[in-house]
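Morning, everyone. I'll talk you through a model today, so have the structure open while I go.

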Amino acid sequence: MYDTNLVLGGKEFTSRLIVGTGKYASMEVMREAHEAAGAEIITVAVRRVSLPSGESILDYIDTKRYTLLPNTAGCYTADEAIRTCYLAREAGLGDLVKLEVIGDQRTLFPDVMGLLEATRTLAREGFIVMPYTNDDPVMARKLQDAGAACVMPLGAPIGSGLGIRNPYNIKIILESVTVPVIVDAGVGTASDAAIAMELGCDGVLMNTAIAGAQDAVAMARAMKLAVEAGRLASKAGRIGKKLYATASSPLEGLPDWTS
Amino acid sequence: MKISVNGKPMEVEPGLTVEGLLTLLDVKREYTAVAVNREVIRKADYGAVKLSEGDKVEIVRPMGGGAS
């Protein structure tokens, strides 16, 4: 089936699964999982170097092959997030950024006021902004209006593995914006990713669901297949749901077994 | 003079530049960025920016992470 590419700020991607770099058992497992996921975009945090500076995570990511997506994880204000993006750009990580402005430590839910402000500023400064937001269609539209290249509503809290808790809101978000919608956070297993894609989302971003699985590489492949399956199913147009059965075999031509 | 580098106090020669500090600490330049007192320093300016007493220097690079 012909499919279009995922377009983010003019850059095109064939893979619709974006993966992270945290919590892996080892750097080798991470590298294999990235490969198995078929990902093209990999998100990284920006942190203080340990001194003396030793091994880098980029020793395990082929930067010619993958697009790096620096994130502002751990930022609790628009100002911190904006400065982190500038640092990432100056570090040579590009201008695609996964923008997080966290509002609460326990839930890691976004501070949407700060998020909106940071999105507006960064988009004006030429960044391709991918904001992690809640599953609120009104905020999604405001982020789009502020210049976001896509919107990334959470399926459930970060790292929770609870899946897509409010598929109806995700549906409404899809109808509310024209930019790509990428579910970010909450995916626990392959069916969650498939559901996100079946709803019509343009992609899924996940970290813990793969990195935290007992076999991260196997789960990465499962996620790749799930995202592809969900995308196909979404494009194929599913049948309607009905309460009662509809036979799929003709009723005519049945043999007569009466005695 | 005293400065702070990634949250740790450090005693350095007065007039040390960002470039000098990075060399002193043997920091890999690739995919690294520096901020002094919250302002991001452009790579091209490393040699020109002189550190002052009490400056807070942050040296960062990509690390493993997905989301907060």
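Let's start with helix α3 of chain A, which lies across β6 and β7 of that chain and runs at about 175° to β7(A). That angle is taken between N-to-C directions, on a scale from 0 to 180 degrees, with axes fitted as lines to C-alpha atoms, for helices over the stretch in contact. Contact, here and later, means that the C-beta atoms of two residues, placed from the backbone, lie within 7 Å. Helices and strands are DSSP runs numbered from the N terminus: H or I over at least four residues for a helix, E over at least two for a strand.

Before I go further, this is a predicted model, where local features need pLDDT of at least 70 and side-chain atom pairs count only at pLDDT 80 or more, while totals for chains, interfaces and linings use all residues. Residues are numbered from 1 along each chain as its sequence is written, and chains are lettered from A and ligands numbered from 1 in the order in which they are written.

Back to that helix. α3 covers residues 112-124, and together with β6(A) and β7(A) it makes a right-handed β-α-β unit. Right-handed means that, with the strands pointing away from you, the path from the first strand over the helix to the second runs clockwise. β6(A), residues 96-99, and β7(A), residues 128-133, run parallel and are joined by four bridges. We call two strands paired if DSSP finds at least two bridges between them. If you want a spot to click on, A:L99 stands opposite A:P131 in β7(A).

Now look along β6(A) itself. A:L96 and A:K98 point one way, A:V97 and A:L99 point the other, and all are buried. Buried means 20 or more other C-beta atoms within 10 Å of the residue's own, exposed means 12 or fewer, and partly exposed is in between, with C-beta atoms placed from the backbone.

The sheet here is open and has three strands, in the order β6-β7-β8 of chain A, with parallel pairing. Which strands stand at the edges? β6 and β8 (152-153) of chain A do, each with a single partner strand, so one side of each has no neighbour in the sheet. β7(A) and β8(A) pair over two bridges, and A:T133 has A:P153 in β8(A) as its bridge partner.

Next stop, helix α6 of chain A, residues 190-198. Seven of its nine residues are buried, among them A:D192, A:I195 and A:E198. What covers them includes α5 (167-176), β9 (182-184), β10 (203-206) and α8 (216-236) of chain A. After α6(A) comes A:G200, with a positive phi near 115°. On the other side, in the loop between β9 and α6 of chain A, A:A185 also has a positive phi, near 90°, and that one isn't a glycine. A:A185 counts as buried because 30 other C-beta atoms lie within 10 Å.

On to where the chains meet. 37 residues of chain A are in contact with 24 residues of chain B. On the chain A side, β4 (41-48), β5 (67-70) and α2 (78-90) each supply at least two residues, and the largest share, six residues, comes from β4(A). By class, that side has 21 nonpolar, 11 polar and five charged residues. Nonpolar here is Ala, Val, Leu, Ile, Met, Phe, Trp, Tyr, Cys and Pro, charged is Asp, Glu, Lys and Arg, and polar is the others, Gly among them.

β4(A) also pairs across the chains: over four bridges, in the antiparallel sense, with strand β5 (residues 56-63) of chain B. A:V46 stands opposite B:P62 there. In that β4(A) strand you'll also find A:I42, which counts as buried because it has 24 C-beta neighbours inside 10 Å. Beyond its neighbours within four places in sequence, A:I42 is in contact with residues including A:V19, A:T21 and A:Y66.

How far should we trust it? The predictor gives the complex an ipTM of 0.90 and a pTM of 0.91. Chain B has a mean pLDDT, the predictor's per-residue confidence from 0 to 100, of 92, and 99% of its residues reach 70 or more.
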